[in-house]
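Work through the exercises below with the structure open beside you. Try each task before reading its solution.

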Amino acid sequence: MLLFLSPWLIGFSAFIVYPALASLYYSFTNYDLLSDPRFVGLDNYRFMFTKDPMFWQAMRNTLWMIGVGVPLQMSVALVTAMLLTRPRRGLKVYRTIFFLPTMAPPVAAALAFFVLFNPGFGPVNQFLSAVGVKNPPLWFFHPFWSKWGLLFLSLWVVGQTMVIYLAGLLDVPRQLYEAADIEGASGWQ
């Protein structure tokens with residue numbers, strides 16, 4: 001059995017365990033890639049928590065992305081899955097269309113969004129200018145708007161979460177939907 005698990009074990013050890021342990025070790029050293037690591041103890045952590053001006057800003061941005069991005073991504077995935085559970089013509093095509101963006105490599109999706117949200121020639125800002133917005137946002141060039149650009153990028157790959165919700169919604173027996181209908185439940189209920 002270990003023979004069958006060995007490819008996964010080797011990959012997990014090489015790409016997850018070793019980098020995690022190496023990062024932990026190097027966090028207690030002063031290392032610049034040109035000289036040998038020099039042990040400094042907790043100095044790096046002391047600097048990070050007390051003197052590094054970017055650490056707390058990074059923490060705020062991370063908490064914002066978790067607090068706003070995750071609920072929004074889950075809500076969009078749930079609404080999309082609910083729309084794709086109703087029987088209609090071309091349903092398989094719609095499901096495929098919503099899932100396809102998750103198949104794009106992350107780097108390609110990021111480059112596509114960089115072009116879409118480019119302040120000079122991007123179609124999003126051209127559309128905003130056409131509808132009367134005088135100063136369209138500098139999406140990935142301004143700290144405030146870059147968070148929103150990254151949020152839209154995370155919504156682009158909502159298909160993975162949608163498939164999980166879709167599987168759950170399709171697994172509910174039809175009789176329960178009919179019983180809820182008879183009882184007067186709304187679509188959300």
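The exercises cover aromatic pairs, a charge over a ring, a helix crossing and a chain segment in the open. Note that the model is predicted.

**Exercise 1. Classify the pair formed by Phe117 and Trp139, and state where each residue lies in the chain.**

Solution. Start with the whole structure: a search finds 18 aromatic pairs. Phe117 and Trp139 form one with 4.8 Å centre to centre and 65° between the planes. Planes over 60 degrees apart count as edge-to-face, so this pair is edge-to-face. Now locate the partners. Phe117 is in the loop between α5 (106-116) and α6 (123-130). Trp139 is in the loop between α6 and α7 (143-156). The two are 22 residues apart, and the pair links distant parts of the chain.

**Exercise 2. Decide whether Phe117 and Trp139 are buried or exposed, then treat Phe144 and Trp145 likewise.**

Solution. Buried means under 20% relative accessible area, and exposed means over 50%. Phe117 has 7%, so it is buried. Trp139 has 6%, so it is buried too. Next, the second pair. Phe144 and Trp145 are edge-to-face, with 5.0 Å centre to centre and 85° between the planes. Phe144 has a relative accessibility of 43%, so it counts as partly exposed. Trp145, with 30%, is also partly exposed.

**Exercise 3. Which aromatic cluster includes Phe117, Trp139, Phe144 and Trp145?**

Solution. These four belong to one cluster. Its other members are Phe113, Phe114, Phe140, Phe141, Phe152 and Trp156.

**Exercise 4. Which ring does the charged end of Lys147 sit over?**

Solution. Look at Trp64. The charged end of Lys147 sits over the ring of Trp64, 5.2 Å from its centre.

**Exercise 5. Describe how α3 and α8 cross, and name residues that meet there.**

Solution. Take the axes. Those of α3 (residues 53-83) and α8 (residues 159-171) come within 8 Å and cross at roughly 45°. Angles under 35 degrees count as roughly parallel, and 65 to 115 as roughly perpendicular. The crossing fits neither class, so α3 is oblique to α8. Its hand is right-handed. Then list the contacts. From α3 come Gln73, Met74, Ala77, Leu78, Thr80, Ala81 and Met82. They meet Thr161, Met162, Tyr165, Leu166 and Leu169 in α8.

**Exercise 6. How many of the ten residues of α9 are buried, and which residue just after α9 takes a positive phi?**

Solution. Count along residues 174-183: the number buried is zero. Helix α9 therefore lies largely in the open. Just after α9, Gly184 takes a positive phi of about 90°.

Notes: Residues numbered from 1 in each chain as written. Predicted model: local features only at pLDDT ≥ 70, side-chain atom pairs only at ≥ 80, totals over all residues. Heavy atoms only, no water. Phe/Tyr/Trp six-rings, centres within 6.5 Å; stacked < 30°, edge-to-face > 60°. Helix = DSSP H or I, 4+ residues; strand = E, 2+ residues; numbered from the N terminus. Buried < 20%, exposed > 50% of the residue type's maximum accessible area, 1.4 Å probe, protein only. Lys NZ or Arg CZ within 6 Å of the ring centre and 35° of its normal. Axes fitted to C-alpha atoms, helices over the stretch in contact; angles between N-to-C directions. Parallel < 35°, antiparallel > 145°, perpendicular 65-115°, else oblique. Left-handed = near helix turned anticlockwise from the far one by under 90°. Contact = heavy atoms within 4.5 Å.
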